[in-house]
Amino acid sequence: MFTRLESLRGLAAVMVVIYHSPFYFQHPSVPLINNSYLFVDLFFVLSGFVMAYAYGDKITGGLGFGQYVALRLGRLYPLHLFTLMLWVPYILIKQYLYEGGFGGTSQLDENNLYTFTTNLLLIHGMGINDSLSWNHPSWSISTEFFAYIVFFATAITIDRAQRLWIPLALSVGLYSVIFLVIQPHELDLTYDHGFIRCLAAFYIGVFTYRLRSHGTLDSLSFRTLSVMEVLTVVAIIVTVSAADLGHGAIVLAIVSFALSVSVFATRNGGAISHLMDVDLVRKIGVWSFSIYMTHRLIQFGVSNVFEFVLGIDPKSAMGWLSIPLNLIMLVGIIWFSRYTYEWVEKPCRDWVKNRVQGRQPVAT
């Protein structure tokens with residue numbers, strides 16, 4: 001169920017990869033790319049939607065906290081640990097070359113024993129570090145894990161009845177803290193206030209799922225759904241591109257994410273939904289977590305080759321050359337992620353599921 005949401009997650013992962021790419025067409029980048037960090041918030045909205053679907057009734061029905069946490073850790077932690085271990089030799093080699101006079105900067109200011117420990121404990125996105133460290137994108141995995149715990153806690157206390165207004169109120173309150181108290185110029189909060197950012201979008205996802213019980217789009221015609229899908233995609237492009245304009249534009253971007261989740265969660269779907277059912281797009285969605293978790297290491301490695309081996313500044317504006325370079329690197333990241341999914345992510349996840357609940361299927 002909701003298989004197209006997996007494809008949507010894959011497309012969001014691709015946009016994050018492009019956002020982090022060292023190869024620029026021009027300076028500054030086009031607004032859509034420049035603001036594509038926001039697609040991490042689409043991950044959070046999707047996560048809230050899926051968790052409300054998969055675990056909302058199970059938690060109120062008596063699912064134990066230990067079992068719940070084990071299942072969520074089984075989903076996140078093995079790949080997090082694997083990628084963290086991949087970063088260790090990279091950082092050590094970079095530091096060795098730096099100390100040998102081969103250029104670059106010291107790696108140990110951010111990537112040291114303390115930050116390694118916080119990464120290992122999955123608490124590095126909870127405001128206890130002074131910067132991003134090791135596998136930078138994994139800050140969001142830290143915050144998402146603790147969002148799962150908050151979701152469980154609210155589900156057995158203030159949200160037992162699964163009312164529609166509670167997740168909306170939580171989200172509005174959290175975004176109010178971000179925009180009125182923290183007052184960032186953009187929403188790119190990570191190691192510092194990333195947990196609040198994650199929870200705010202997560203509960204928008206929970207709210208979006210619960211809206212389905214008050215009416216569904218499944219009865220709409222193919223033509224109507226096609227129009228809605230096109231309008232939703234246009235809304236995402238416009239609002240993300242305009243996110244530099246201020247808090248209002250950022251809020252509209254988050255709303256467009258929630259709308260996209262609603263539209264692409266329909267049973268039959270429209271024209272764009274059918275494109276999202278294409279086998280390659282579906283596979284990219286399946287591999288999206290691996291794509292997200294591995295892409296920075298590959299990008300850093302490629303960037304170092306260009307800078308220190310080829311003598312080319314990868315952060316200079318490359319014009320049209322940046323397009324084939326980004327495409328080749330994206331294909332390489334997707335190819336590598338396929339194997340991290342098949343050899344690390346999926347078998348570890350399935351092993352934990354089988355240990356916790358036997359061989360009975362469990363929503364992930």
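## Exercises on a predicted model

The largest pocket has a volume of about 1000 Å³. The structure is a predicted model.

**Exercise 1.** Work out which helices supply the lining of the largest pocket, and which one gives the largest share.

*Solution.*
- Start at the centre. His20, Ser21, Pro22, Tyr24 and Lys315 lie nearest to it, among 40 lining residues.
- Go on to the helices. At least two lining residues come from each of H1 (3–20), H2 (31–34), H4, H13 and H14.
- Pick out the largest share. H13 provides it, with seven residues.
- Sort the lining by class. There are 17 nonpolar, 17 polar and six charged residues.

**Exercise 2.** Find how many cavities of 30 Å³ or more the model holds, and describe the lining of the largest cavity.

*Solution.*
- Count first. There is one cavity of 30 Å³ or more.
- Take its volume. The largest cavity encloses about 40 Å³ of space.
- List the lining. His124, Asn129, Ser131, Leu132, Ser133, Asn135, His136, Ser138, Trp139 and Tyr191 surround this cavity.
- Sort by class. Seven of these residues are polar, three are nonpolar and none is charged.

**Exercise 3.** Decide how helix H6 is oriented to helix H13: parallel, antiparallel, perpendicular or oblique?

*Solution.*
- Locate the helices. H6 covers residues 139–155 and H13 covers residues 288–309.
- Read the geometry. Their axes come within 10 Å and cross at roughly 130°.
- Apply the cut-offs. Roughly perpendicular ends at 115 degrees and roughly antiparallel needs over 145. The crossing angle therefore makes H6 oblique to H13.
- Name the contact residues. Trp139, Ser140 and Ile141 of H6 meet Phe289, Tyr292 and Met293 of H13.
- Sort them by class. The contact has five nonpolar residues, one polar and no charged ones.
- Link back to the cavity. Trp139 also belongs to the lining of the largest cavity.

**Exercise 4.** Explain why the salt bridge between Glu345 and Arg75 ties together parts that are apart in sequence.

*Solution.*
- Set the background. The model has 10 salt bridges.
- Check the distance. In the pair Glu345 and Arg75, the closest N and O atoms are 2.9 Å apart. The cut-off is 4 Å.
- Place both partners. Glu345 sits in helix H14 (residues 322–357) and Arg75 in helix H4 (residues 65–99), so the pair joins parts 270 residues apart in sequence.
- Connect to the pocket. H4 and H14 each supply at least two residues of the lining of the largest pocket.

**Exercise 5.** Identify the contacts of Ile196 beyond its neighbours within four places in sequence.

*Solution.*
- Place the residue. Ile196 belongs to helix H8 (residues 194–211).
- List the partners. Beyond those neighbours, Ile196 touches Leu174, Val177, Ile178 and Ile182.
- Add a C-alpha distance. Ile196 and Thr143 are 53 residues apart along the chain, and their C-alpha atoms are separated by 8.4 Å.

How values were computed
Residues numbered from 1 in each chain as written. Predicted model: local features only at pLDDT ≥ 70, side-chain atom pairs only at ≥ 80, totals over all residues. Heavy atoms only, no water. 1 Å grid on protein atoms, 1.4 Å probe; cavity = no way out; pocket = protein on both sides within 12 Å on 5 of 7 lines; lining within 4 Å. Points joined across faces, edges and corners; volume = space filled by probe spheres on them. Nonpolar A, V, L, I, M, F, W, Y, C, P; charged D, E, K, R; others polar. Axes fitted to C-alpha atoms, helices over the stretch in contact; angles between N-to-C directions. Helix = DSSP H or I, 4+ residues; strand = E, 2+ residues; numbered from the N terminus. Parallel < 35°, antiparallel > 145°, perpendicular 65-115°, else oblique. Contact = heavy atoms within 4.5 Å. Salt bridge = Lys/Arg side-chain N within 4 Å of Asp/Glu carboxyl O.
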